[in-house]
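User: I have a complex open on my screen and would like to go through it. Can you take me round?

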Amino acid sequence: MTRTPPRTTPTPPHETLTRRTLLRWGAAGGAGLGLAPLAACAGPTGAPGPGTLTLGLNRSLVSLDNKLNQFDAAVTVQRAVRQALTAIGPGMKPTPVLADRFEMTAPTTWSVRLREGIRYSDGRPVTVEDVATAVRMYGEVAGSFVLGLFPELPSVEATGARTFLLHTRQPVPVLDRLMANILITPAKDNRPEELRSGVGTGPYRVVGANSGAGEYTLARVPRYWGGRPAVERVRVRFVPEESSRVVALRSGELDVIDTITPDSAEQLTGLPGVHLEQTSGVRLCQLFYNFRKPRDHPLADARVRRALTYAIDGESLVRDVLTGSAEQAAGVVPLSLQGAERTGSFVHDPARARQSLKSLGADGLRIRIMWESGEFAADTSVMEAVAEMLKDVGVRTSLLQFEPGGDILKWRQGKGGDWDVIGNGFPGPTGQAVTMLQAMYAGTAEDERTGDAFMGYVDPAIARRISDAATEADPAARDRELAAAQHAVWDTWPCLWAFVPKTLLARRTRVEGIGLLPVNSYDLTAVRLEG
Amino acid sequence: MTTTLAPPERPSAVSERHLARSSAARQRRGARVKLWAGAFCTALVALPVALAGLLPLADPNTQDLSRRRLPPLTDGHLFGTDQLGRDLLSRLLHGGQVSLTVGVLAVVVSGLIGIAAGSAAGYFGGWIDTVVSRLLEAQLALPLLMMLLLVVALFGPSVTVITCVIAVAQWPEVARLTRSLVLVEREKPYVAAARLLGLRGWSVLARHIVPNVLRPASLVVLLLLAQAVLLESALSFLGAGPQRPFATWGRIISDGQDYITTSWWLVTLPGLVIALLVVGVNLLGDGLRDRVRTHKPAKGV
Amino acid sequence: MSRYLARRLGQSLLTVFLTVSTVFVLVRLAPGDPAAAYAGPTATSADLARIREEFGLGEPLITQYGIFLRDLLTGDLGTSYSFHSSALDVVLERMPYTITLSVAAIAVTVAVAVPLGVWMARRADTKRELGANVLTIAGQSMPDFWTGVMLLTVFAVLLPVLPASGFTSWSGLILPTVTVAILQLALVSRLVRREMTTALASPYITVARSRGVSERALTWRYALANSAVPLVTAVGTRFAALLNGVVVVEVVFGWPGVGSLVVRALETRDYPLIQATVLVTATLAILVQLLVDLAYPLLDPRVRLGKAA
């Protein structure tokens with residue numbers, strides 16, 4: 001142990017030399033080691049060039065495929081590279097993209113024709129086989145968000161070089177809208193997994209990607225089959241901190257930030273060089289009651305649930321906490337969805353709340369509100385404000401906040417612990433009221449056995465109505481049926497309060513032509529850069 | 001020592017002024033400045049926090065949505081109001097009670113663990129020393145903050161858990177110091193005497209050695225307290241703070257971070273309060289250490 | 001020397017192994033379900049069951065551990081749930097950013113702290129030195145996330161001269177580096193001051209001075225060179241700690257390093273990614289420590305490895 005290997009005693013000058021060189025080499029090597037790999041990905045300046053559009057996303061875009069990963073802003077970018085047969089355009093109407101014909105020929109059959117002359121960015125033509133493979137791959141991947149939107153996946157029957165039929169077992173009247181979620185990739189390259197590379201038919205192709213950091217550079221495809229996009233390059237950056245995004249937009253480091261919070265919108269309003277865009281949204285944020293309460297619990301009584309809603313000053317919440325960037329819900333789903341019905345509104349009347357609660361014997365009620373951080377914008381502030389409003393009508397409230405990744409799902413399914421109200425945001429990516437209604441209010445006793453009925457909401461009559469509407473091929477009859485179901489749901493008072501956040505986006509004024517859709521995405525080909 | 005021997009009338013070239021400029025005097029003065037400044041800063045924060053319940057302050061949880069984000073010094077809100085119209089000063093002081101309680105408790109716990117482990121390792125050596133030293137070393141390599149976040153996720157963000165987590169993060173410092181002190185102490189004659197008198201290892205350690213190392217070891221306590229307050233606020237900042245409605249310092253800052261471009265006080269003032277307290281505690285600890293060093297130059301730490 | 005090296009390497013391997021194993025167990029004991037985080041709000045129990053199956057989470061813990069160890073031997077750390085690709089690759093893609101930030105922060109710290117410490121040692125116990133001392137303590141006392149947010153406010157909001165987040169240009173490195181360096185400054189400068197005070201009072205300095213060596217050479221060539229070992233130890237330890245410890249600063253500045261990756265991996269309960277991160281950072285930190293130890297005999301010929309301890 002004490003023995004050291006034989007070592008010739010070096011002369012002093014040599015010794016100092018070793019020491020010096022070591023220090024020098026160490027410093028240089030350390031710096032080089034750390035900095036070298038990055039030299040490639042960092043440019044000289046942070047500001048985007050004249051022909052480059054820089055988008056700041058608050059979630060990391062893991063890939064440009066959407067089998068496992070689809071959130072609003074991602075759709076914008078994913079569709080600039082890969083396209084689907086259709087897209088959901090303005091007014092929630094399906095617009096043809098790769099298909100130039102998409103018609104229902106029988107309740108369970110659709111006839112589709114691919115557009116003539118469309119090619120992938122590498123020049124290969126789009127074939128029916130590509131579509132068939134894409135549908136199959138989406139079906140095979142586990143845990144797909146897209147798959148959950150489909151009541152069933154259609155089967156593809158080729159009838160010609162460019163034409164094919166889509167078959168379903170049950171009628172799926174909104175299939176033309178649902179198919180907007182299936183992105184087409186060459187059959188040879190498609191696999192039942194998130195594709196990390198490869199080509200699409202879109203106006204842009206990927207020229208640089210660092211998916212770990214969520215950064216992408218897209219460049220215009222020279223021979224795009226459609227109209228040539230105005231912007232030459234698009235850079236996608238992942239900026240998780242909201243405050244950083246705001247600051248970066250102010251300084252011109254970013255050109256567009258989407259899905260901004262009400263507070264960011266307030267901070268950006270009126271700033272020179274910044275413009276805000278907003279449309280009514282398709283996401284519904286609810287303070288949903290727990291429908292798994294025992295029969296004798298006050299909250300099992302619709303009248304108590306209604307009485308509590310009088311305690312909430314929705315107007316003030318929208319004005320002061322959400323800074324005007326939301327609307328109180330006036331129906332059980334956002335009114336911008338196709339097939340949504342205006343069913344009533346929330347009224348603020350604390351005296352009535354107190355009185356009703358007393359007459360129903362529910363005074364002295366204690367309520368536990370739970371939610372996950374980030375479930376919706378300003379979630380914490382909303383919850384703290386609601387708790388204070390409930391206190392004013394004599395209801396004691398405790399707040400239970402889950403951090404992302406925590407156990408809230410178990411609690412939601414009634415397996416975690418007891419709760420009374422949950423703060424929940426629900427997306428409406430298909431633009432259809434029926435999809436959202438099915439997910440929330442069509443739960444059956446069988447679903448509930450595994451805790452899968454939405455917050456325990458089981459009402460067989462309503463569930464039947466909704467499922468009937470979902471398979472109704474005639475649009476007018478479907479809307480009638482759905483409207484009736486929505487009125488029935490409203491009368492059960494499922495929420496303490498609900499609101500529909502507006503879809504907000506901020507851009508530099510040099511960016512023009514962002515047609516922000518309620519589904520919170522926009523068409524990159526229409527965007528222009530001025531100056 | 002020499003001054004008392006010298007007769008007062010004897011002439012000396014060393015005047016009072018020379019003495020005052022001597023290195024030792026300057027060191028003492030420096031320590032005194034640090035002590036006073038530290039005590040002042042600490043008291044400036046700690047006293048109002050301790051007396052938060054008695055001060056004429058708005059309730060920390062009462063909201064007034066029509067008075068959101070008022071700048072400081074408006075409508076009787078000394079520090080302004082937060083995003084829900086709550087009085088920021090009141091929230092800071094009440095939040096400070098949680099943060100400080102966590103800090104103090106964490107230091108006590110880490111002190112106990114550290115002194116026990118460090119003195120056992122130093123006195124007994126052998127496998128105990130190996131295990132403790134390995135643990136100390138391993139903790140250096142661990143992604144500590146991440147482990148803390150994990151444990152908080154595991155056991156829930158209660159005050160107890162966060163206290164323990166911070167204590168675990170801090171014990172190595174105490175242990176390392178105690179170990180080195182005990183290593184010196186154990187070679188001293190009084191230990192040999194105690195052994196000769198037939199005392200067993202544990203009682204020698206507990207009754208003779210530990211009391212002797214306690215004083216120097218306790219000097220790091222204040223420095224640890226400063227770190228504990230910082231660590232707690234970092235955890236709160238990353239979302240692993242005590243469950244709401246407890247308003248801890250880190251949580252107030254992370255909630256206010258979204259408003260930096262419009263409401264500077266929501267982040268700046270809480271940060272200043274933390275910094276003031278931690279500076280105070282650090283200075284106090286530093287001053288104490290300096291004073292011990294100048295008084296007993298032989299016993300370096 | 002080689003025996004010493006072998007023993008140190010063995011110990012390091014053991015530490016890494018124990019660390020990773022602890023994390024393996026901890027993440028699985030923690031509440032939260034990766035399947036739920038993965039599947040999103042609309043998932044049903046059936047979906048979750050299928051995903052758990054896919055991730056291999058249905059197996060008993062000990063089986064999962066066995067599989068993990070077996071894969072570990074082949075260098076396979078599993079597939080990240082949220083990135084859908086090799087967890088190790090994701091971490092390695094991010095690592096250069098963290099290393100860059102740590103190297104830059106340490107370089108700035110040393111560049112400022114060493115001259116500052118030397119100055120403090122030469123002007124020991126003057127009013128100015130006391131002032132500098134208090135200032136570094138103040139720097140050390142500010143919560144790093146607060147310092148970061150403040151710097152951000154001043155240099156990206158009020159005077160928008162520096163980018164607010166990310167690493168798209170070298171100027172993006174400035175603010176995070178300064179934030180980290182402010183925190184480290186006090187520690188290193190005070191160490192230099194202490195070592196230098198001792199060194200400057202040593203007899204060899206007096207001898208050298210009497211032989212007419214200039215004060216400058218005395219300070220930098222004689223005294224500082226003799227303080228190299230403790231200095232390198234401290235800087236090495238700080239560097240190793242930074243590799244693990246820049247989490248908060250990375251989050252504040254949206255720095256695409258492993259720190260912000262870890263926070264996200266924890267949020268999505270991405271077990272393979274958490275494990276890969278811990279493995280890589282722990283290995284790196286230990287490697288740095290080892291290198292520091294190995295550098296001792298080169299820095300100070302009096303040190304013989306394997307003699308002490």
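Analyst: One term before we start: two residues are in contact if their C-beta atoms, placed from the backbone, lie within 7 Å. Also, this is a predicted model.

User: Fine. Which residues is L437(A) in contact with, leaving aside neighbours within four places in sequence?

Analyst: L437(A) is in contact with V333(A), A442(A), I466(A), L482(A) and A485(A).

User: And which residues touch the most other members of the largest nonpolar core?

Analyst: L437(A) is one of them, along with A84(A), V386(A) and L149(B). That core has 334 residues. Helix α5(C) gives the most to this core, with 19 residues.

User: Where is confidence lowest and highest in chain C?

Analyst: Confidence is highest in α5(C), residues 87-122, at a mean of 91. The low end is helix α2 of chain C, residues 34-39, at 76. For chain C as a whole the mean pLDDT is 85, and 96% of the residues reach 70 or more.

User: What is chain C made of, in secondary structure?

Analyst: Chain C has 14 helices and zero strands. Its C-alpha atoms fill a box of roughly 85 × 60 × 30 Å along the principal axes.

User: How much of chain C is buried?

Analyst: Buried residues are 52% of the 309 in chain C. As for contacts in chain C between residues at least 6 apart in sequence, 73% join residues at least 24 apart.

User: Switching to chain B. What is the mean pLDDT there?

Analyst: The mean for chain B is 83, with 92% of its residues at 70 or more. Over residues 297-301 of chain B the pLDDT is below 50, and beyond near neighbours in sequence this stretch has one contact in the model. Among the elements of chain B, helix α1 (residues 2-5) has the lowest mean, 52, and helix α4 (residues 88-124) the highest, 91.

User: I also have A43(B) marked. Buried or partly exposed?

Analyst: A43(B) counts as partly exposed, because it has 14 C-beta neighbours inside 10 Å, and a buried residue needs 20 or more. A43(B) sits in helix α3 of chain B, residues 23-50. V33(B) is 10 residues from A43(B) in sequence and 15 Å from it in space, C-alpha to C-alpha.

User: How many residues of chain B are in contact with chain A?

Analyst: On the chain B side there are 18, in contact with 20 residues of chain A. Those of chain B divide into six nonpolar, eight polar and four charged.

User: What about the predictor's scores for the complex?

Analyst: The ipTM is 0.82 and the pTM is 0.81.

User: Back to chain A. Why is helix α2 of chain A said to be largely enclosed?

Analyst: Because 10 of the 10 residues of α2(A), residues 72-81, are buried. Among them are the charged D72(A) and R79(A).

User: What covers the buried residues of α2(A)?

Analyst: The cover includes strands β1 (52-57), β2 (86-88), β8 (204-210), β9 (215-220), β10 (233-238) and β11 (256-258) of chain A.

User: Last one, on β4(A) and β5(A). How many residues are in the hairpin connection?

Analyst: Two residues join β4(A) to β5(A) in that hairpin. The strands, residues 99-106 and 109-114 of chain A, run antiparallel and are joined by six bridges. In one pairing, M104(A) has W110(A) of β5(A) as its bridge partner.

Key:
Residues are numbered from 1 along each chain as its sequence is written. Chains are lettered from A and ligands numbered from 1 in the order in which they are written. This is a predicted model: local features need pLDDT of at least 70, side-chain atom pairs count only at pLDDT 80 or more; totals for chains, interfaces and linings use all residues. Helices (H or I, at least four residues) and strands (E, at least two) are DSSP runs, numbered from the N terminus. A residue is buried if 20 or more other C-beta atoms lie within 10 Å of its own, exposed if 12 or fewer, and partly exposed in between; C-beta atoms are placed from the backbone. pLDDT is the predictor's confidence in each residue, from 0 to 100. A nonpolar core is a set of buried Ala, Val, Leu, Ile, Met, Phe, Trp, Tyr and Cys residues joined through C-beta atoms within 7 Å. Two strands pair if DSSP finds at least two bridges between them.
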